[in-house]
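Please open the model in your viewer and keep the selection panel at hand. The stops below say what to select next and what is found there.

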Amino acid sequence: MPQSSGRLSRIWREVKRRNVLRSLAIYAGTAFIILEAITIIFPRWGFPDWTIDLVLWLLILGAFVNMIIAWFFDITPGGIQRTKALEEEVVEEKPSSSKGWKAATYISLVVIVGLVVLNIIGGPKSLRAGDIQSLVILPFDNFTGDDALNNMVSGMHSSLITDVGRVSGLQVKSRTSSNAFKGKNMTIPEIASELGAHAALETAVTCLGDTICIQLRLVSTDGDEEQLWVADYREEKSQALNLYNRITKQIAEEILVELSSDEEELLARKQTVDPDAYDAYLRGLYHLNQLTPGDFQKAWDYFQRAIDLDPDWADPHAGMAVTWMFTGYFGMVPENMSTPKINLYLDQALELDPNSAFAYYAKGVTAVWTEWDWEKGEKAFITPHIACHIRHIQIPLLI
C-alpha cells in the first residue's frame, strides 16, 4: 500500500511539473466558451441539433488530446519544446512558474464559474430547435365590442387550429382541450402543464368586418412564462386563408420547427374567399361544434350559404359532410339518407381541393365513426401529401 501511495504521489507531482492541469484548465475554459457560442449560433444558422452534439464530443476528445500533448510538450518563450524527463533536469534548469500562465489559468477558471452561474441564475436561455414540440392555441378573445361576433371568433379559433395542425413537427392541442380551460382562473403555464404543451398562443380579434384585425402573442411555458413573439395583423377578409398560412409559417419559424417541402408549398398557396361566404362558414363551424339538433340544422344552413356564395371553396362542402355524418351518427336522420350526402359532399370537397385538411378530417371521422373502418380513417388522417397530422386533434369532433 505505501508503494502504491508513493507511486500516485510521484505521478501527481509529474502532472503538475508538466503543467497538464494548467493546460487542461485553459482548454476547458476555451471549450466552454465555444460550446456556449454554438448553442446560440447554430440554431440561428439552421444547423441540425446533432451538430451541437458533434462539437461537444469533439471538444471532449480534444481534452484527452490536450492532456497527451501537455504531457510531452511545453510552450516556452523559445517556442514549443519537448518536456524533459525529471531525471534529465538539473536544479538550474527547473523553470520558475510563469506569472502569465498562472494568470491565464485563474482567468479561465473565473470564466468557467461565471458562465455556469449565468446559465443557472441568468436571463432566459436561447430557444433551440426541438425545445417546443407541442402548442396550445388558446380560445380567441373577442375585443371587437360586438358580442354577436362571438360565434365567428370561435370559428376562427377552429380554423387556425386546423391550419397550424398541418405542421408535422408540431403537436397542436385540440379545440375542445383548449376550450375546456376557457373562463377558468388559471395561468397560461398552468393550462399548458395540464395539456402537456410547451408553448401557448394567445389571440385577440380586434376587428371583424370587411377587415380582420388580429393580435397574437406566443409564449414558452416550460418554467416561467417567456414571450417568444408578438404580432399584429390587419388583412382583408377575402385574404383570411392566406393570413392563416402566414401566421402558421411565422409560428414555425419562431419556435424553430423545420417545415417539409410539402408544407412549405401548402403554406405558400394563395386562395381568396368570398367575405360573406367566409362569415357563413365560421358560423357553421361554431354551430357544428355545439352538437345539438338545433345547431346541426343551423350548421347545414350556414355551410349551404357559404357554398352558394363561393361554390369553388372546398371547406364548406367538407363542413356539410361532417354535419351529415354526425346527424347520422346520433340517429337524427336514417343512415340511408346520411351516407349518400356524406359521400356527395366529400367527393365535391376533394375534387375542389385535393389538399384540403378539413376534407381529409371529414373523410377520416366518417370512416371511423360511421363505417368503423379504422385503417381507412388512419390513412385519411395522416395523408402525407397534405401534411395534415390530425392525429393531434382528438376525435370524434374537435375541428
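## A lysine to start from

Select K249 to begin: with a relative accessibility of 30%, K249 falls into the partly exposed class, the scale being buried under 20% relative accessible area, exposed over 50% and partly exposed in between, computed with a 1.4 Å probe and protein chains only. The model is a predicted one, in which local features need pLDDT of at least 70 and side-chain atom pairs count only at pLDDT 80 or more, whereas totals for chains, interfaces and linings use all residues. Residues are numbered from 1 along each chain as its sequence is written, and side-chain values use heavy atoms, with hydrogens and water left out.

Now add E264 to the selection, since the side chains of E264 and K249 meet in a salt bridge at 3.5 Å, N to O; the term stands for a side-chain nitrogen of Lys or Arg within 4 Å of a carboxyl oxygen of Asp or Glu. E264 lies in helix α9 (residues 261-267) and K249 in helix α8, so the pair ties together parts that are 15 residues apart in sequence. Helices (H or I, at least four residues) and strands (E, at least two) are DSSP runs, numbered from the N terminus. Like its partner, E264 is partly exposed, here with a relative accessible area of 32%.

## The whole chain

Zoom out to the full protein, whose secondary structure comes to 15 helices and eight strands. Of its 399 residues, 45% are buried. The protein exposes about 21,200 Å², and carbon and sulfur atoms supply 57% of this area, as computed by the Shrake-Rupley method with a 1.4 Å probe, where for residues only the protein chains shown count as cover. Among the contacts (heavy atoms within 4.5 Å) with a separation of 6 or more, 66% are between residues 24 or more positions apart.

## Two further salt bridges

The whole structure holds five salt bridges. For the next one, select E235 and R246, where the closest N and O atoms are 2.5 Å apart. This pair links distant parts of the chain, with E235 in strand β8 (residues 226-236) and R246 in helix α8, 11 residues apart. R246 is partly exposed, at 38% relative accessibility.

Then move to K237 and D279, whose side chains form a salt bridge of 2.8 Å, N to O. K237 sits in the loop between β8 and α8 while D279 belongs to helix α10, so the pair ties together parts that are 42 residues apart in sequence. Are K237 and D279 buried or exposed? Both K237 and D279 are buried.

Keep K237 shown and select P275, which lies in helix α10. Leaving aside residues up to four places away in sequence, P275 touches K237 and S238. P275 is partly exposed, with a relative accessible area of 34%.

## The largest cavity

Next, display the internal space. A search of the whole structure finds two cavities of 30 Å³ or more, and the largest has a volume of about 350 Å³. On a 1 Å grid over the protein atoms alone, a cavity is a set of points where a 1.4 Å probe fits but cannot get out, and lining residues have an atom within 4 Å of a point; grid points are joined across faces, edges and corners, and a volume is the space filled by probe spheres set on the points.

Select D163, R166, L241, Q271 and D315, which lie nearest the centre of the largest cavity among its 21 lining residues. The elements that give two or more residues to this lining are α5 (150-164), α8 (240-254), α10 (275-288) and α14 (357-369). Of these, α8 gives the most, with four residues.

## Two leucines with positive phi

For the last stop, select L256 and L291. Most residues other than glycine have a negative phi. L256, although not a glycine, has a positive phi of about 60°, and L256 is found in the loop between α8 and α9. L291 also has a positive phi of about 60° without being a glycine, and its place is in the loop between α10 and α11 (293-309). L256 is partly exposed with a relative accessible area of 28%, and L291 is partly exposed at 40%.

Definitions and conventions:
On a 1 Å grid over the protein atoms alone, a cavity is a set of points where a 1.4 Å probe fits but cannot get out, and a pocket is an open set with protein on both sides within 12 Å along at least five of seven lines; lining residues have an atom within 4 Å of a point.
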